[in-house]
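Here are my notes on the cavities, pockets and ligand sites of this entry. Please read them with the structure open.

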Amino acid sequence: MPETIDKKLAKPEKAKKVADPVAASVDQATQQMIRRAQELGVETIFDRAVTMKPCNIGIQGTCCKNCAMGPCRLPLPKSGIEGEDERKGLCGATANTIAARNFARMVAAGCAAHSDHGRNVAEVFLSVANKETGDYKIKDPNKLLAIAPHFGVDVKVEVDGEEVDRNLDEIALEVAQKAMAEWGKPEGELDYLKRAPKPLYERWQKLGVLPRNIDREVVEIMHRTHMGVDQDYKNIVKQCTRAALADGWGGSMMATDLQDVMFGTPFPLQTEANLGIMKEDQVNIIIHGHEPVLSEMIVAASQSQEMIDYAKTKGAKGIQLGGICCTGNEILQRHGVPPAGTFLQQELAIVTGACDAMVVDVQCVFQNLANVAKCFHTKLITTHPIARMEQDNVTHIEFDEHHAMEDAKKIVKLAIDNFENRGADVMIPAQKAAQVAGFGVESIQYHLGGTFRGSYYTLNDNIINGRIRGVAGVVGCNNARNRHNEAHLTLVKELIKNDVIVLTTGCNGIACAMEGLLTPGAAHVYCGPGLAEVCETVGIPPVLHLGSCVDNSRILLAATEVVKAGGLGNDIQDLPAAGAAPEWMSEKAISIGQYFVASGVYTLFGVNLPVTGAPVFQEYLFEELEKIYGGKWDLAADPIEMARKMIAHIDKKRKELGIDKARERVLMDMADRQRLEA
Ligand code: SF4
Ligand code: MSK
C-alpha cells in the first residue's frame, strides 16, 4: 500500500462538532430535542450554526455581486476609517452605495414576500366574491363593511331618494377588484395610505414617497440597484421607504383585512404552546409557513367527524394540529390551534418522531426539513406552486381554492394513513404553556376602549396617567446566531417590568407564549405595578399577541387608533412607543423595520444589521431619518441595552407630551420591588 494512502487510512476520523443544547436555546423542550437529534445522528440548524461561520464582509453589508466584475468586497479597515473613505468597487461604487443597494434589495424581497402573500389572499377573495368556490365564504361581513370605504367602495346606495344598505355580494366584488388593482394600477397611489394619521400621510406626500402600486415599487428597487443606476444612498433609501410603505400600509394590511373578512377577525382565546402540545396517541399534523388559505381548510377538515372517525379506524384517538411560524399564528389567532414552536423548532417537531405530516406553504421553511423527515416516518408535504423542494421524499399536493376542502382532506388523510408507520423513536417533550392569544385592533378596543365611545380611551387614559409607561411592538424571528428565544424573552420581561405594554407578532409571540407571558396571570409575576394593575383590572396579559408577520399592520392601525383617541399628540411619532426585532433574520423584517421607521417609530434590531461597514449610510439610517420621518433605526445586540434604549425613547416622548410628571406619581413600594426581584 503506498505510504500516503496508508497514512490517510490511519488518520482517526474527526468527530463532527455539534451544538451545545443549553447554549443553543433557553427552552428546555428545545434543548431536549437537540440532544435527541444528536443521539439519533440527525443534523439540525443548531449544529450547522456551530460549524459554519458567517462571512465577515457580508455581515457589514459591503459585498457587491450585482455584476460579473465582482463580487467586490469592501470591508471596514481594522483601524476604522479616517478622513475620506476611499474604498471602491471596480465600477467605483462606494461602501455607502453598496450597503444601501443591499439594504434596498432586502426591502424589495421582504415587500415582495408579504405582498405576494397578500395577492394570493386577494385572488382567493375574488374567487369568493365571484362565487367560484363554495369552500370559503365571508365570515365577517362587519369587517368587509369597515374596510370597503378605504377602497372607495360605497356601503350604502340611494333607492327612491332614501339611503339603504347595499347588497353585500356587490360590495365584496367591488372590494376584491379594487384590492387586486393595488398591485398594478397604472396611476394614483395606494388606497390604504389615507388610513394613516393625517400629518403622517401629508409628510409622505410632501416627501414624494407615496407608493404608486405594490409591484412597481419592488421592480423599481431592482432597477435602481442594478449595476450603474442609482448611486446616491439617500435616493436609494427614499425608494426603500416607498416599497416598505407599499408593504406595511398595502400588501400586508390588505392580507390581514381580507383574511379577517374570509376567515374571521380574531378575538381572544385560550390555548397552549410548545412541542408538548403534540400527542402520542393522536395523529399529529404540523402546519408551517405563512399563508392561511389552505390551513383554514385543514383546520376544518381535521375537525370533521368523517376525518376523526377515519383516524380512529387507524388506532388514533383523534387529530392534533400544531403550528410553526406564521401559518401557525394565523390558525392560532382564529381557531386556537396551539403553536408547536417558533422558526428554530421546525426540525425538532419532526425529531419528536410523532409528526405524522408536516404541511408547508411559503416562507421560513428549511430545505433541511426533507433530510430530517427522511430519518423518521414524517410525510413532508409542499402545497404551493412557488415553493417546492427537490428532495424525493417530499410529496407535492398543490392547493387550489376551487377545490380547497378536497385538497385539505387529501392531506389530512395522508397524515392519518401515516400514523401506523410511526417507529419506536417517539419522544415528545413535556413542556407546554397556557396562553391567551387572538388580539387585534378590534379586541384591544373592546378590552381597553371606552365603555360608551368606540375608541382607545382607557388605554390612552392609562398611558397619560402613567400606569402604562408606553407601548412597545416586539416582533420577528429567531436567528440561529443567537441563543434561541433568549433576547426575545429578556427584552419583553424587561419592558413589562418597567410598565411598558407589549404588542407582539410572529415568532416573538410564540416565544412569549412558550414562556407563559401571554396569560393574564403573568401580570402579577412580571409587570411593574402600574401595568399589573391595568392588566389585572381588565383581565388581559401584559403581552398582547396580534398575529403573524403580515399582522404587523395591526400594530400600525392600533397606533393610529391611539392617536385618534386623543391626548397623546397628533401623529404616530408623538407616541411614547418603540419597536424591536431582537432576533430577526428574514428580509421581511427589514421591510417591516423600514415601514415602522417611515411611520415615525424608533425601531431597534438585535443580532446585527448589514450596514455597519458603511458608517455614513448607517448614520443616515440611525440619525438622519428621524429628522425626515420621525422614526429611525438602531442596533442593540444586548436585549437589556435594547430595553433601556426603548424606555429612554418612551420617556423622552412622555416629556415632550408633558405627561412625564403623571408617571412620577406611580411609585413602587417595597412589596412591589420584592415581587419583581423574586
Ligand atoms: Fe463591483 Fe460595481 Fe459590479 Fe458591484 S456593480 S460587483 S461594485 S463592479
Ligand atoms: S415566521 S419571518 S421567522 S417571525 Fe413569520 Fe417567524 Fe420571522 Fe418567519
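How many Å separate the centres of domain 2 and domain 4, taken over C-alpha atoms? The separation is 24 Å. Keep in mind throughout that this is a predicted model.

1. **Domain layout.** The chain is divided into domain 1 (3-57), domain 2 (95-263), domain 3 (275-419) and domain 4 (433-657). Domain 2 meets domain 4 through 39 of its residues, which are in contact with 36 residues of domain 4.

2. **Cavity count.** Two cavities reach 30 Å³ or more. Ligand 2 takes the space of the largest cavity, and ligand 1 takes that of the second largest. The points below treat each in turn.

3. **Largest cavity.** Its volume is about 480 Å³. The lining has 45 residues, and Gly473, Val475, Asn552, Ile555 and Phe596 lie nearest the centre. Helix α24 gives the most, with six residues. By class, 34 of the lining residues are nonpolar, ten are polar and one is charged. Domain 3 and domain 4 both give residues to this lining, so the cavity lies between them.

4. **Shell of ligand 2.** There are 13 residues around ligand 2. His290, Cys364, Cys477, Cys507 and Cys549 come nearest. Two elements, α14 (325-335) and α21 (506-514), each supply at least two residues of the shell. Eight shell residues are nonpolar, four are polar and one is charged. Domain 3 and domain 4 each provide at least three residues of this shell.

5. **Second largest cavity.** The volume here is about 90 Å³. The cavity is lined by 13 residues, with Cys64, Cys67, Cys72, Cys91 and Arg101 nearest its centre. Nine lining residues are nonpolar, three polar and one charged.

6. **Shell of ligand 1.** Which residues are around ligand 1? They are Cys64, Asn66, Cys67, Met69, Gly70, Cys72, Gly89, Leu90, Cys91, Ala93, Arg101 and Met227. This shell divides into eight nonpolar residues, three polar and one charged. Cys64, Cys67, Cys72, Cys91 and Arg101 belong to the shell, and these five also lie nearest the centre of the second largest cavity.

7. **Largest pocket.** Turning to open space, the largest pocket has a volume of about 940 Å³. Of its 27 lining residues, Pro54, Gly58, Ile59, Arg481 and Met585 are the closest to the centre. Helices α4 (45-51), α5 (56-60) and α6 (95-129) are the elements that give two or more residues to this lining. The lining holds 14 nonpolar, seven polar and six charged residues.

8. **Second largest pocket.** About 380 Å³ of space lies in this one. The lining counts 21 residues, and His150, Arg195, Val441, Leu557 and Glu561 are the closest to the centre. The elements that give two or more residues are α7 (141-147), α11 (233-263), α18 (441-448) and α24 (552-565). The largest share, seven residues, comes from α24. Eight lining residues are nonpolar, five polar and eight charged.

9. **Where that pocket draws from.** The lining of the second largest pocket takes at least three residues from each of domain 2 and domain 4. Those two domains are in contact. Helix α24 deserves a look from both sides: this helix gives the largest share of the lining of the second largest pocket, and α24 also gives the most to the lining of the largest cavity.

Definitions and conventions
Residues are numbered from 1 along each chain as its sequence is written. Chains are lettered from A and ligands numbered from 1 in the order in which they are written. This is a predicted model: local features need pLDDT of at least 70, side-chain atom pairs count only at pLDDT 80 or more; totals for chains, interfaces and linings use all residues. Side-chain values use heavy atoms; hydrogens and water are left out. A residue is near a molecule or strand if one of its heavy atoms lies within 4 Å of it. On a 1 Å grid over the protein atoms alone, a cavity is a set of points where a 1.4 Å probe fits but cannot get out, and a pocket is an open set with protein on both sides within 12 Å along at least five of seven lines; lining residues have an atom within 4 Å of a point. A molecule sits in a cavity or pocket if more than half of its atoms lie within 2 Å of its grid points. Helices (H or I, at least four residues) and strands (E, at least two) are DSSP runs, numbered from the N terminus. Ala, Val, Leu, Ile, Met, Phe, Trp, Tyr, Cys and Pro count as nonpolar, Asp, Glu, Lys and Arg as charged, and the others, Gly among them, as polar. Domain bounds come from an automatic or database domain assignment. Grid points are joined across faces, edges and corners, and a volume is the space filled by probe spheres set on the points. Contact means heavy atoms within 4.5 Å.
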